[in-house]
Amino acid sequence: MSTTDAQAQAVSGPAPDTRPVWRRLIGFNLLTAVILGVGGYYLGWFIGHQINTSSFAYEKATDENDVALLLAYAFGVVGFLIGLGFANYPVERFLGKPASLREKEGHGTSRYFGLCTDHKVVGIQYLVGIGLFLFVGAVNAMMIRTELLHDTPTFVGPNQYLTLVGVHGTMMMGIMTSGILGPFANYFVPLMIGARRMAFPRVEALTFWLLMAGGFILASTIFFGGFPTGWTGYEPLNDQAVMGMDSYIIFFALVGISMVLLGLNMIATIITLRAPGLTWSRLPIFVWATFATAVLMVLAAPMLIATLLMSALDRSISTSFFIVGGGGSSFLFQNLFWFFGHPEVYILALPGFGIVLELIPVFVRKPLWGYRLAIAGMLGVSLMSFFVWQHHLFVSGINADLRPFYMLSTEIISVPTGFIFICFMGTLWRGRMSLTVPMLFCLAWAFNFLIGGTSGVVLSDVATDTQLHGSFFVMAHFHYTIVGGLIFSFFAAIYYWVPKMLGLKFNEKLAKWHFWLMFVSFNSTFLPLFALGIMGMPRRVSQYEPHLLGLNIWVSISAFVLGFSMLIFLVNVIYSMVFARVPAEANPWHSKSLEWQVPTPVPVNNFEQIPVIDSDPYDYGTPIPIGAGQTAPAGA
Amino acid sequence: MASQGENLPLGLMVPPVAAGSEIPPEPPDVAGRTLAVAARLLCGATTFFFLAFLFAYIYLRSLNQNGLWRPPHEHPNQGWGAAFVACVVISAIASIVAGRQMKAKSPAWVASALGALVLGLAAVAVQCIEYTVQNFGPTDGAYASVFCGWSAFYLLAVLGAMFWLETHVASARRARARIGRGEPPPTGDIKEPARTISPGMDAAIFYWTFLAGIGVITYVTLYLV
């Protein structure tokens, strides 16, 4: 594609900002956001301590003032968002000023540190932000495995251990809900569908900053005593916990809001901003996966938000949603939480399916086999994920007559998941496979997710689940599903798409070291957990039977190697992006999909003219890339 | 094609934006479709949010833990409840009328929309008054918790919908005032802002009408069943 005027302007660069530094810092930016966030936090804290009724007497007397902390977090987040400039547009619209599309944004690197409505900037913001919290979660995991090197508590106390487990699980499950949609769907869906932007650019930016605010709030739990519930936040522990629990509640509520808005924006974009000729049957499979995930986000996350608000009310103003002594029920929490929680598993897994199916046709030089079957699989998984949640409650005392239904529905959900595998294998069949790093991660995904999926079928059986519930077997299962299914595909996406996003190549030797070390150590870490679970090792305890020590030491050492493999990745990022700086080609994988047909770095406008799509994205075997021959007038 | 990345700060990311460069806007009909889709999705999300409260109501009522579901003295005020739901429903009807008048190019639509706005805010006020006169509080058992939680978050949703409606009324009034002063239309990245009011208004009306439906279900569940 030829260079546009805007691109030419961009390459020559904007006029230099001659204002002094102090003047540039005044305005709506990250610095202002932090200042207003901290100010809001203390304002909320102050107001919470001024409320003086008999209901809060206990809280004030024990200095466990949940009202103050919840208000502090809420005011802090509002202040943070106002500082970034998110209140400007609503206020303008309230005053009757006309709608507009863009904020008054900085022109240089400052765009990455504030409200930006360019989907490419938001994608990169997500990539860095999520990477930061992934690192925090991973460090927690290393500390957990350090503690489990001994069969009695040595490194941290039992309560701190529970907090470590809780922060690790919550950080990973919460932040990674947007792990692929945040960086990759935000960046590439508009490019893949031939659009210039997301449908709601400010909402897109808001989802990112909400997630970041949430991440810091969760990390702050250590200042308030942590929380003992793990990532599920179960009642009645939730209600009995110290103020650190409030950090969990606000974090997950913010994640929920971010998920709803992200999903809504994705669906609206995919439905309304597709280029001419890009029919539903020509949509790239990654876009379909994004669509299916977004539907789950929009429908499941509101349940989570409502549940956490009920929980906050129970903790702060003593309502009785989940408190048995007041007429509530802790099982209500379990039901509501898992109505969100099981779709959440697919919110994590589906984008991984999409990435793998998107990438393998490129590396086997074949069209995607069973395109419609794969779509049916993804939509089937989305739909069915709402009908399986009670399998998490098999041992919680649910009506025994309900168990067979939920056992069967859980087993049946493996059928649409199997469609994805069939498409994966059908595409590989007789393909000319090139074992690039992204392809290696895709192959590893298949291996890992197969183990995760089949162990899930085993666990769906009531008799098995009642034996293995709460054991390391369950932990091994979901780590194979989430790390094996999501994190491996996340790295596949990084190695595949980051050269387009950042314009620079990764060092391939380091990347291959990263892959092999990660793949081997991941399996060496989590495969023995199945055995440990069968041998009776329970989750969330730091004291265990001495005969389990040997396997635990093996697992811990493997986990440290897994952590080391992440350091290799980090070294590769720093080496490739800061020191080596080898420019990436515009289309290094010779892909035919639309995002690779634009120059690197991608122009601000994405496309000089909106392309007209005249073939599907996996049409390997014809020489012309899609959309390259024709264009439609701008705005068509 | 060689990357231009090495010329940029950190050698990566997207190009810096030159001052004055803008992403061309979508045509108004695309913006309208986008808003219509968003309104429907928002309805889906709102439904599932309140479904959690409906589930809590049914679950806790059927359990009646320790007989504490609803102590005998707990009765929400029927009069205030009826007034609340009446305000919500009439406001939604007024907004529908406003939408139809707008499509018929009748200038009276602004008055109808203002009426809808006032009635929606009146519903919020009525519910707040009810909180002060009812004979139970949020800590008085499971029913009281569901009642207060459900109705309070419903009020927040109503306020959100009223805000959305207000932005369109305010835009229309400001545009009229500008025309009255003989000023030219504003120049911005959306060239014809007036054309975005109608699809925006349609989306807001759709959402508000849907929310009114949830209000009726709320009323029936909390006051009548």
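Start by selecting Phe506(A): at 14% relative accessibility, this residue counts as buried (under 20% relative accessible area with a 1.4 Å probe, protein chains only; exposed is over 50%, partly exposed in between). Now add Phe569(A), also buried, at 13%. Their ring centres are 6.4 Å apart with the planes at 40°, so the pair is tilted (rings of Phe, Tyr and Trp, the last by its six-membered ring, pair with centres within 6.5 Å; planes under 30 degrees apart are stacked, over 60 edge-to-face, the rest tilted).

Before going on: this is a predicted model, where local features need pLDDT of at least 70 and side-chain atom pairs 80 or more, while totals for chains, interfaces and linings use all residues. Residues count from 1 along each chain as written, chains are lettered from A and ligands numbered from 1 in written order, and side-chain values use heavy atoms, leaving out hydrogens and water.

Phe506(A) sits in the loop between H20 (472-502) and H21 (508-534), Phe569(A) in H22, 63 residues apart (helices are DSSP runs of H or I, at least four residues, numbered from the N terminus).

Next, show all of H22(A), residues 549-580: it reaches 44 Å from first C-alpha to last, close to the 46 Å expected at 1.5 Å a residue (1.5 Å times one less than the number of residues). Just after H22(A) comes Arg581(A), with a positive phi near 50°.

Finally, hop to chain B and pick Arg40(B), which lies over the face of Phe206(B), 3.9 Å from the ring centre (CZ of Arg or NZ of Lys within 6 Å of the centre and within 35 degrees of the ring normal).

Definitions and conventions. Helix = DSSP H or I, 4+ residues; strand = E, 2+ residues; numbered from the N terminus.
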